[in-house]
Structure formats: C-alpha cells, structure tokens
Amino acid sequence: MSVLWFVAALFQMTLLGGWSEGERPAIYAAVYIVRSGTAVGTLSGIGLFRCFRDDSTWVNLRPNTITPGVGFYQSESKTVLYLAGGNGLHRSTDGGKSWKVLTGWQTKEVLSVAPDPVDERILYISTPFGIFKSTDRGTTWHEKMKGWTTWYVRRVIIDREDRQVLYGTGEDALYVSRDGAESWQTLSVGVPGIKWIFQHPVEGNVLLVGTEDHGVRVSFDRGATWRRASGLDTSAVYSFASTPEGAEIYACGFRTGVWRSVDNGASWTQIWNASDLDALYTICVDPYDTNHLLVGTNGYGIYASHDRGRTWRQAGLPDAHVKQIEVFPGRRRRGVRE
Amino acid sequence: MKTVLLVVAFVAGVMDVSSAQRSFEERREKILVVASSERDRGFATITAKLLTGQDLPFAFAMLDSLTYDQSIGGMFYAYTLIGCYLHGEHVLPDTLKRKMREAYRVRTMYRGDTENHWVMYYTGLYLAAQTWPNEDEARWFNGKSSEENFEEARGWLNHWFDISSTIGQGEFDSPTYITTFLTPMLVLYEFAKDPAMKTKAQLMLDLLFVDFAAEHLAGNYGGGHSRDYPEDIINPLAAPSTFWAWLYFGQPETPPWNETRYRPRHRSAWEPVFGAASSYRLPDIIYHIATNRSKPYVHTETKRVRNIIRFGKEKNPPVYKYSYVTKNYILGSLHGGILQPIQQHTWDVTYVSDKPNNTIFTLHPFSSGKELAMFFPEEQKFLSDEVDRYHNVYTNPNKWNSSSPYEQTLQHKNALIVLYDIEEGTTHSHVDGFFPKTLDERIVDASGWIFARSGNTFVGIFPLKKYEWKEEDVNWRLRSFERRNGFVVEVGSSDEDGSFENFRTTLMKRRPRARDKGKHWEVKYRTRGGHVLQLTFNGKRIIDGQQVDFKQYKFFNGPYVQSERGSGVITLTYGGKRRILDFKRGRITETP
C-alpha cells in the first residue's frame, strides 16, 4: 500500500507539477508573540508560519493566534496540521487554508499537541491546566491527570515504539504513562524544572530532558535511571532535535547557545554561543539536509546554519518569539513526524 | 406583616424611579451627546453617534475602517463590534453591516489569557452567534458553526457567573479593568434573547456595581485592588471607574470630560456610553450603598487569586479583603502576598479631596520571573523582560504597583499594620511610600510618626525602621532600605478626633513595639481606639487577644452586603429594603 502511495506521490511530483500544499516539504514556525508587540490580541505577526524548503517566503497560515506549538498527522490519504494555540487546538486539513478550533472553553491555552501517529482519532494536548485526550478527532476531550501532583504540562509526547506510552513534562518532574494517559507515574530524573523531553529517533530507550538550571539529563533505559550529561549540566535547556537517524543530537536554551552530542546525549560540545540572542527556544534539523539547522529565538526570529552549526545567519521573522520549528513532511512518509 | 416578594426578572422599569435615577437619565443623555461629538475611532463614541444620529458619515467611515484595521483586534474587538452593531443596527447601511458580519469570519479573534479577556471574548461570541444563527463553520473565524459558538460562549459565561458569585473574581475590584466587565455585561443584558441569560447579565451587573458601591467614596474606588495602573493608583480619580461612578452614582459631580484630572485618557474610557445606551438601571439600593456615608462601617470580602498554573498548592487560593469606609476616607487592604501578578495594589488610604493624588500607601516593588511564571506559561528566565514591554514598569524599582511575597497586613477599622520581610538577594529590596504633594500638611515628627492631613482626613504613619525622603513630581517618596521593615498606620478625621492637633497628640504618645530577632519579625500596637493589634510575619494575626481566622471570612460581610462563601446568594440591605441576588436560581428578589 505504502509503495503504491509513494508511486502516486512521485507521479504527482513529476507529472502534476509538485506536491500539494500540505505535502510539499516546508519549514513550520510557531510564533508565540513578537518583540514589537504592544497589546494582546492585536498582533497580526503571530501565528503559524510556513516557508517551503525551496522558497524563502514566510507565510502566516493563522494570523493573530498565539502559537506555542505545532503538530502533524499524516496517513496515505490525509495530511492534518495541528496548531497548539492560545484559543485552543486548531486543525487544518487543507494545508492551512482553513482552520477549526477543536477545543472548547474548558481548555485554556494549548502548549503542545501529540497526534497519535496511527489512529487519527486520538489526540493529546498539554496545557497549563493539565493533559487532555480526545478519541474522536477532537470532538470531545477528557482530562488525563491521574497520578500528577501539579497541573502545568509544558509538553506531551508519544513514545515512538509504543503508542500507549506517553511522556509529559511538569515543572516539578517528568511523568510517564503506560496506558494511553489513563494513569501517570513520575520518572526520577533527580532535578526539578523539566522543560523538554526528547526520545531518540532510533534507539527508543534513550530519553533526554532539558531542565531549567541543570542542563541535560539522559536516560539509556527508557527513564528508569538518569544521569548528568557531560559538558551541558548547569544551564537552561529548552529544546532538542536530531538528525533522522539520531547520530547527531542538538540542544539549545537560555543563554546556552547551541550544543551537539554524537553519543546519544551522554556528552555535549558547544557549537555556537549565540551570546547576543539570549534565549534560543527551539531547534530543528532539516531531515532533507542535515547540514541545515534552524533555531527559534525569543524575539529575534529564526536563525539558520547551512554548515552544521559553524556559521549562522538570520533566516526570517526577525521580530518573532519562535516556540517550535518543524520540517514537514519528514523524509519518511509515515507517522507524526520524523 | 406579609412580605411581598417582587421578582424583578428582567424588567428594570418596574422599580420606582427615584430622584437619583432621574438625574441618571440626565447624565446618560449628556454622555451620549458629548461622546457623539468626539472625533476618535472608538466603538463607544461611534455607538454614541449612531444612537444620537450625530455625525453619521464620520461614524460610518470610522466603522468601515475598523472592519479591516488589524491594529485593533482580539477580545477587545469581539464585544465592542457586536455591541456597536446591535445598538446601531437601525441606521447602519447594509454594506457596513455585511462588513461587520464578515469581520467575524476573516479576523482571528484571540480569546486571551485573563478573566477580563474571556468575558469580552465570550460575550462578543455569544451575541454574534445569536445575531447570525444557523450559519455553518466556514462562516466563522474559528471554524465552528453558529450553534457551536453559541453553546461554547453560553457555557463559559455561566461558568463565570458561577465562580464570580461563589468564590469571587480573580481580577476583583479593579478601577481600571472594571470597564472590561461592565461593558460586556451591559451589552449582554441589552441584547441577550434568552431570558435566563439576560437575568444572569443583570445579576452580574448588580454584583459588579454593589462590589464597587460598598467601597466607593466620592468617585474613588477605595480599598485594595487586584489590578491597577500606577498612574491611577497615585491619582485615584483618574481611573476609568470614576467615569462609571459619575454615571451611576452621580459622584463626582463634575462630568469627567470637564476635568483634566480624570478626562478619559484612552478610547475605552468612553465605554460608559454602553451604560448610557442600555436599559439597565442601577437599583436604588445600590445607589444608596454607594453614596450614603453617614456612618462608618467595616466591609470585608473574599475573592480569589487569579489562576495559578505552577509553583502553587492551589489553583485559586482565597484573597481576604478588609475595608473601613467613612465619609472622609477609606482605609483598605488585602491580606498580602502574591495575589495577582504585576499590578496588585495591597493597601491604601484614599480620602475625599478636591485635589489630585488623594491617596497614601506603601509597597515593596517586587519583580521576579518566578512570580510571573506562576500565572503565565512562558519561561521564567525571560518573562520579566516580556512583561516589561507591555506594562513598562514591572522591573522598575520606582514602580507604584506590585505584589510581593514579602508583604503582609493586619487591619482593624481605621488602623493597619503592614510588615515587610524581604529575602536577601531580592532584586529590589527597598520599601517605598507614596505621600502626595497635595497634602495640606505633612509633618515628620520627632516621636517617629509621620503625620499627614488633607482637608478633614488625618493620617499617621509610624515607620518601624529608618528611611529617607525623595521629592518627586507629584509626591514625596519615602524609601527605606531595611529589608525587615513595616509601618503602623492610623487614620482619623475631624469627626473622629476633633482636630488634627488632637489626632497628632494622641498618636505621639503611642509607639509600636517591634520584635526583630532571628526568624521572628513581629509588631504589636495599641491603637488610639484601644484595640491591640499584633502581626507576626508568616505568623499569627491577633486583634485584642483573638487570632484572626480568615477561614471565617464571608464572601461579603458588611452592613450593606452579606453573602456566605460558595452560596451564590448575595443579599443587599439598605434602609429596611433587601435585594437578593440569587445566582443559583437565576433570579433577583426585592423586599418590600
């Protein structure tokens, strides 16, 4: 089936003049706010921006929407964009031309979204007031916080190898669920201020967390035990990204710069100090060109490197607070994202 | 005697029209005329033009530009646009009506992240969905159908009515943000077709107004405030609440637009136009509560902390509020700590004066990323910088609004103790006090007391530690760099003390006893009224040997307003009359 679909896609690319908009590889940037903004609710410069990889123009797909995150679902017949936003979770099935807000008044701002990679009906969102799950494409939502002692959840992700396993970052701890978010347990990372969770793209036992003041903590046994990462263990780390095979992992944070690890996160080397940019909030590796790295800054837009981090330049949205950058579709045409 | 219950479901006109209300009619006509001659681009003044028929071409042109101008948007736009539309529907050209309708399709209306944002957003959405029913999801900015939007808005509004009448508002008693609650409710009351929703809007208007009325004095909003802007804190009659007080309470007597001291500073300050345009009438009983100051009284309230998202044990811990109201002044306080980020105003004495800056207070100018992260989902390491861009003064050491974890109060009638115990390493570790230059007298006495007089109001403040003075534009700034610090405050008047000299002489003989040892920071003071107040920082509050138990605080407790916490029933009492706001049953009753 997937072979047939690949052939169809190839046919579309070669004979019909390229990808449809939702499938044409593009960089997506979630813009939370802009530096020059003066009032909430009057910011046309915020939203979900897209720039096709073969272009340099950023287009706002959802203006006036505070956007902390973005998510994707792709099957052989369907591509869905999800926007984690101030007004709730937004969904577009036409490449960002039109949107529907799926959540209601019970759900406040959505900070991250994790669509199930196989079953389109299942969605998870994290919010300042907990994790919510939908099993009917977002029509109804149910809070899933059994086992949590706090309610702020910055990010929720689905395990790459077991869709029943989820990880959620609370301010106090890292939580894991092994039953589709029905119940949660803490994983003993050993430090507070868990900001980000990352799972190795190939070696699923490798988990990394970024912390407020303790840099990176790494686990090689799926969260059972954790250790301090060498070289990057005292600063704020907000985001990770890796090459598709995970040979190189990158991290960034607040006054941290950009760091690289080539040993699954055990040790790190700084490759850019970014001293004049303060906070680097998110990082992304272009799966089509792993020399191409992108970081989202807090108020200075996107910076990009085309030489694996040796040199960097401003690459768009110069005023933006960029909370997440993703390239979609990834190289492998299956699942949420690569 | 048989009690006659008068159910005032949603027809305000059934109540007696008193002289107060008659003068209201004059004021409401006046505001419409004056606002309709303004040449700005605000929905309020445009609405006034549509209602009076004045300057219609200009109104249409401004409205047209507002339908596509993205500089005004979100929740602020959502409710004023529909309010303007519904009030002016009879004169609006069809082309303009279509553009206004279209705005709800093409403009993404941000819901916001605060209580006032949501009230504005969902009121606008409710009325828009009601106005254009049976339209599919492609016709709305959020991809939801008219029915979905209507139900969502209805659901949240009912939720807000419920929490506001049981545990209180998070953005309570705000001289600035009161507009963002009153205007949506006035528009909702006017145009909601569902009688139940209309009654809820009326209930909420009564609640908002009586909440203000019980702490109102000559146009001033007294007591502690959840949120206020510094320029309004140091000049209370400059706040938007003054305009509402003029319209509904008839105080101050001078129309706001005739007095530079409190002339509307921005477009939203003209929003009392929506009050003038509404058929809602303030119940006489609330008018009297707002204006009768023949006897001093104590009024307490319980509110709630704005939604805490992290670094807290509860999402909405209670706020305890105490006000002592006289005809000359209001001394009011919140119990202290971080109750609202950024714009909290914990205590002050605000007095009647014909001069500006009629207030005295102290504060600790605290700022921290962690405080902000309690309420906002951003990262604490850069939240302070972000908030500074919007509120300009958040990290400023000289700011006049602040919440601080290192500030606690104890008040009993006209006396108050405020203590500070500022942790070492805190960014700003000084304490400031605001003393206006408009005082008639300011005396720094050798006894340690600072005495201030304005007209018939007398204030005595005893700083517990050394301090210095700095002269500024409109005030003297008392500043102390002692991290463990505090003030004892007594307020009096010619009615209570005869003369300022008597007041001073009495206080000079009194001296607070402070105990500053190890972790213990405590002050004990016998007031000139003979009450003994004892406040231990992070410890007990004791008045006349009895420990203050905040758990016993009611939702409202005073001679005019009574309510048990969680009941949803608020009883207003004045001169033998009772008006019961029953949010649970959705009805208002008055006796007799």
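Okay, before I start: when I say helix or strand, I mean a DSSP run, with at least four residues for a helix and at least two for a strand, numbered from the N terminus. Keep in mind that this is a predicted model.

So, chain A. By that count, chain A has one helix and 28 strands. Of the 338 residues in chain A, 52% are buried. And if you take the contacts in chain A with a separation of 6 or more, 44% of them come from residues 24 or more positions apart.

Now over to chain B, where I'd like to walk you through some helices. Let's begin with helix 6, residues 115-131 of chain B. How many of its 17 residues are buried? The count for helix 6 of chain B is 16, so we can call it mostly covered. Its length works out too: at 1.5 Å a residue, the 17 residues of helix 6 should span 24 Å, and the end C-alpha atoms are indeed 24 Å apart.

What does helix 6 pack against? Here we look at helix 7 of chain B, residues 146-164. The angle between the two is about 140°, and their axes are 8 Å apart. That makes helix 6 of chain B oblique to helix 7 of chain B. The crossing, if you care about handedness, is left-handed. On the helix 6 side, the residues in this contact include B:Trp118, B:Tyr122 and B:Tyr126, and on the helix 7 side they include B:Phe150, B:Trp156 and B:Trp160. Sorted by class, the residues of this contact are 11 nonpolar, four polar and one charged.

For another pair, go to helix 3, residues 56-68, and helix 5, residues 94-106, both in chain B. These two pack at about 30°, with axes 9 Å apart. Helix 3 and helix 5 of chain B are therefore roughly parallel to each other. This one is a left-handed crossing as well. From helix 3 we have B:Phe60, B:Leu63, B:Asp64 and B:Thr67, and they meet B:Leu96, B:Lys99, B:Met100 and B:Ala103 in helix 5. The class count there is five nonpolar, one polar and two charged.

Next up, helix 8 of chain B, residues 178-191. It has 14 residues and reaches 20 Å from first C-alpha to last, close to the 20 Å expected. Buried or exposed? Well, 13 of the 14 residues in helix 8 of chain B are buried, so it is largely enclosed by the rest of the structure.

Just along the chain, have a look at B:Asp194, in the loop between helix 8 and helix 9 of chain B. B:Asp194 is exposed, with 12 other C-beta atoms within 10 Å. And here's a link back to helix 6: B:Gln130, one of the helix 6 residues that meet helix 7, is 64 residues from B:Asp194 in sequence, but the two C-alpha atoms are 9.6 Å apart in space.

Last stop, the place where the chains touch. The contact takes 28 residues from chain B and 30 from chain A. On the chain B side, helix 4, helix 7 and helix 15 each supply at least two residues. Which of chain B's helices gives the largest share? That's helix 7 again, with four residues. As for classes, the side of chain B that touches chain A has nine nonpolar, 10 polar and nine charged residues.

Definitions and conventions: Residues are numbered from 1 along each chain as its sequence is written. Chains are lettered from A and ligands numbered from 1 in the order in which they are written. This is a predicted model: local features need pLDDT of at least 70, side-chain atom pairs count only at pLDDT 80 or more; totals for chains, interfaces and linings use all residues. The expected span of a helix is 1.5 Å times one less than its number of residues. A residue is buried if 20 or more other C-beta atoms lie within 10 Å of its own, exposed if 12 or fewer, and partly exposed in between; C-beta atoms are placed from the backbone. Axes are lines fitted to C-alpha atoms, for helices over the stretch in contact, and angles run from 0 to 180 degrees between N-to-C directions. Angles under 35 degrees count as roughly parallel, over 145 as roughly antiparallel, 65 to 115 as roughly perpendicular and the rest as oblique. A crossing is left-handed if the near helix is turned anticlockwise from the far one by less than a right angle, and right-handed if clockwise. Two residues are in contact if their C-beta atoms, placed from the backbone, lie within 7 Å. Ala, Val, Leu, Ile, Met, Phe, Trp, Tyr, Cys and Pro count as nonpolar, Asp, Glu, Lys and Arg as charged, and the others, Gly among them, as polar.
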